[in-house]
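Please open the structure in your viewer and keep the sequence panel visible. The tour below proceeds by selection, with a short account of what is found at each stop.

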Amino acid sequence: MQRALEQAHGADAVAEVPVGAALVFEGRLIAEAHNLTRTIADHAELVTIRRAAARLGTTRLLGSTLYVTLEPCAMCAGALVLAKVDRLVYAAADPKTGMCGSLGNIVQDPRLNHRLEVVAGVLAEPAAALLRTFFRSRR
């Protein structure tokens, strides 16, 4: 999660919404990214999944864990299921758009063919503080 938080700080430094992600496979960091929503309209999770798939040569990321500083939205949650990521660890909950426990739970929906283990709240306060500071500075 520390690497994801470092990525979130990197996003903040370039005026992107400070969300970062890191994907670990077999104990190794495979890919990491921060939000690029203002640059190319892409979320940290999606960029990280694409980078990991390219590096591993497969779109099936079984055996991997994605660490992200903010609870994924519906789009990203769906991508995690389709990529078959095994485990999601997120920092701050997102009561407005979070779909991994807050508003809904796409990643653990029993109707889907893949479900993820979810761990919430890891380094939640520093991740949430970074987001609060970012949005306060823009109001």
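Select Ala41, which lies in the loop between E2 and helix H2 (44-56). The model is a predicted one, and the values given at each stop are computed from it. Ala41 is not a glycine, yet it has a positive phi of about 55°. Is Ala41 buried or exposed? Its relative accessibility is 60%, and because exposed means over 50%, Ala41 counts as exposed.

Next, move to Lys84, placed in the loop between helix H3 (74-82) and E4. Here too phi is positive in a residue other than glycine, with a value near 60°. The relative accessibility of Lys84 is 14%, and Lys84 therefore counts as buried, since the cut-off for that class is under 20%.

From this loop, continue into strand E4 and select residues 87-92. Five of the six residues of E4 are buried, so that the strand is mostly covered. Now add strand E3, residues 64-70, to the selection. E3 and E4 pair in the parallel sense, over five bridges. To see one position in this pairing, display Leu66, which stands opposite Leu88 in E4.

Then turn to strand E2, residues 28-34, and select Glu32 within it. Glu32 has a relative accessible area of 18% and is buried. Which side chain shares a polar contact with that of Glu32? The partner is Arg3, and the contact is 2.6 Å. To view the surroundings, show Arg3, Gln7, Ala21, Ala22, Thr48 and Arg51: these are the contacts of Glu32 once its neighbours within four places in sequence are left aside.

For the last stop, select helix H1 (residues 2-13) together with helix H4 (residues 124-136). Two packed helices are described by the angle between their axes and the distance between those axes. For H1 and H4 the angle is about 5° and the axes are 10 Å apart. Angles under 35 degrees count as roughly parallel, and H1 and H4 are therefore roughly parallel to each other. To display where they meet, show Leu5, Ala8, His9 and Asp12 on the side of H1, and Pro126, Ala127, Leu130 and Phe134 on the side of H4. Sorted by class, this contact comprises six nonpolar residues, one polar residue and one charged residue.

Terms used
Residues numbered from 1 in each chain as written. Predicted model: local features only at pLDDT ≥ 70, side-chain atom pairs only at ≥ 80, totals over all residues. Heavy atoms only, no water. Helix = DSSP H or I, 4+ residues; strand = E, 2+ residues; numbered from the N terminus. Buried < 20%, exposed > 50% of the residue type's maximum accessible area, 1.4 Å probe, protein only. Polar contact = N/O pair within 3.5 Å; in protein donor to acceptor, adjacent residues only side chain to side chain. Contact = heavy atoms within 4.5 Å. Axes fitted to C-alpha atoms, helices over the stretch in contact; angles between N-to-C directions. Parallel < 35°, antiparallel > 145°, perpendicular 65-115°, else oblique. Nonpolar A, V, L, I, M, F, W, Y, C, P; charged D, E, K, R; others polar. Pairing = 2+ DSSP bridges.
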